[in-house]
Amino acid sequence: MSIVVTGATGELGRLVIDGLLATVPAGDVVAVVRNKEKAAALAARGIELRIADYDRPGTLADAFRTGDRVLLISGSEVGKRVAQHAALIEAAKAAGVAQLAYTGILGGPDADFALADEHKATERLILDSGLPYTFLRNGWYTENYTANLAPVLEHGAVVANAGEGRIASASRADFAAAAAAVLTGEGHLGQAYELSGDTAWSLAEYAALLSEVTGKEIAYKNVPAAVHQEILVGAGLPKGFAAILTDVDEAIERGRLAGTSGDLARLIGRPTTPLATTVRAALATA
């Protein structure tokens, strides 16, 4: 039996690997990757590489073995993910894996925004497959904001259409630690975890925190969704993706990413990483 991480060279996947290696031998960990060269650092740590591509179902046949515990990290290509995930689920079922954990989205079937649609469809596919599953319904990564600090600091504004909605975010490392916990622990089969930070915050509070930490005046500018979409497209984002992001902001305004179930802290055995900690770390490396 191996613990298999798909998308292992991505930002979340690398952190999951780090978490696993803190508790299990490298020989028990497998990384499923598309590019062997990109995964050379993983191989150097003693991790077995299995080369497969979500877009080429035939390559997935050798990605899994009977009894493997598998983490399906959702694909990054919005609009293609259901087909990609379906191919992987079929391969996992054919192999007879012992667990399929999936990184979905907070709210699961109750999430009512466009970004959730492919996640909800994937959960249904997993349930229909009959595979032993664990749903990791990830909330918003704090890094979704702190990775884009440059334009915020340049213009002195956090621009969004989220109103006074609150976001119970956590660091990407927190979510990775939760994934490692369910892959190495017991009692997680058939469970759906609503994963979010311990404290929900508003974008006005985020702007105030940035002002405090940087010494610059940073304002929160709430704008209509159509205006925000135009700003995002003007910054170089594809129109379709910009529409998804403004739709998420509307969901934030409705409170869809504000839930604080405590599941994440319980899985990782500690409080989730505070917003201020991630902000300060991002600014230190900016």
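## The nonpolar cores

In this predicted model, the largest nonpolar core has 32 residues, and Val5, Val16, Leu20, Leu71, Leu136, Leu183 and Leu195 are the ones that touch the most other members. At least two residues of this core come from each of these elements: strand E1 (3–6), helix H1 (11–21), strand E2 (29–33), helix H7 (172–184), strand E9 (191–195) and H11. H7 provides the largest share, with 7 residues.

Val16 shows how parts of the chain meet. Apart from neighbours within four places in sequence, Val16 is in contact with Val5, Leu71, Ala176, Ala179, Ala180 and Leu183. There is also a second, separate core of 29 residues, and Leu209, Leu275, Val279 and Ala282 are among its members.

## Helix H7

H7 is made of 13 residues, and the distance from its first C-alpha to its last is 19 Å. That is close to the 18 Å expected at 1.5 Å a residue.

How many of the 13 residues of H7 are buried? The count is 10 of the 13, so H7 is largely enclosed by the rest of the structure. The buried residues of H7 are Arg172, Asp174, Phe175, Ala176, Ala178, Ala179, Ala180, Ala181, Val182 and Leu183. Among these, Ala176, Ala179, Ala180 and Leu183 are in contact with Val16.

## Strand E5 and its partners

Strand E5 covers residues 99–105, and 7 of its 7 residues are buried, so this strand is largely enclosed by the rest of the structure. Its residues point two ways: Gln99, Ala101, Thr103 and Ile105 one way, and Leu100, Tyr102 and Gly104 the other. Residues on both sides are buried.

E5 pairs with strand E4 (residues 69–72) in the parallel sense, over 4 bridges. In this pairing, Arg69 is opposite Gln99 of E5. E4 and E5, together with helix H3 (residues 81–95), make a right-handed β-α-β unit. E5 also runs parallel to strand E6 (residues 133–138), and 6 bridges join the two strands. Here Ile105 is opposite Asn138 of E6. From E5 the chain passes through helix H4 (residues 117–129) to reach E6, in a β-α-β crossover that is right-handed.

## Ser129 in helix H4

Ser129 is part of helix H4. Is Ser129 buried or exposed? Residues under 20% relative accessible area count as buried, and Ser129, at 12% relative accessibility, therefore counts as buried. When residues up to four places away in sequence are left out, Ser129 touches Ile89 and Lys93.

## The aromatic cluster

The model has 5 aromatic pairs. In one of them, Tyr145 and Trp201 have ring centres 5.5 Å apart and planes at 75 degrees, so this pair is edge-to-face. The pair links distant parts of the chain, since Tyr145 is in helix H5 (residues 143–146) and Trp201 is in strand E10 (residues 201–202), 56 residues apart. Tyr145 and Trp201 are both buried.

Tyr145 also pairs with Tyr206, with 5.8 Å from centre to centre and 55 degrees between the planes, and this pair is tilted. Tyr145 belongs to helix H5 and Tyr206 to helix H8 (residues 203–214), so the pair ties together parts that are 61 residues apart in sequence. Tyr206 is buried, as is Tyr145. Through these ring pairs, Tyr145, Trp201 and Tyr206 are linked into a cluster.

## Asp263 and Ala204

Asp263 is found in helix H11 (residues 263–268). With a relative accessible area of 15%, Asp263 is buried. Which residues does Asp263 touch, not counting those up to four places away in sequence? They are Ala192, Tyr193, Glu194 and Leu195. Leu195 is also one of the residues that touch the most other members of the largest nonpolar core.

Ala204 lies in helix H8. Its relative accessibility is 42%, so Ala204 counts as partly exposed. Ala204 and Ala43 are 161 residues apart along the chain, and 44 Å separates their C-alpha atoms.

Methods. Residues numbered from 1 in each chain as written. Predicted model: local features only at pLDDT ≥ 70, side-chain atom pairs only at ≥ 80, totals over all residues. Heavy atoms only, no water. Buried < 20%, exposed > 50% of the residue type's maximum accessible area, 1.4 Å probe, protein only. Contact = heavy atoms within 4.5 Å. Core = buried A, V, L, I, M, F, W, Y, C linked by side-chain atoms within 4.5 Å. Phe/Tyr/Trp six-rings, centres within 6.5 Å; stacked < 30°, edge-to-face > 60°. Expected span 1.5 Å × (residues − 1). Pairing = 2+ DSSP bridges. Right-handed = clockwise from strand over helix to strand, strands pointing away.
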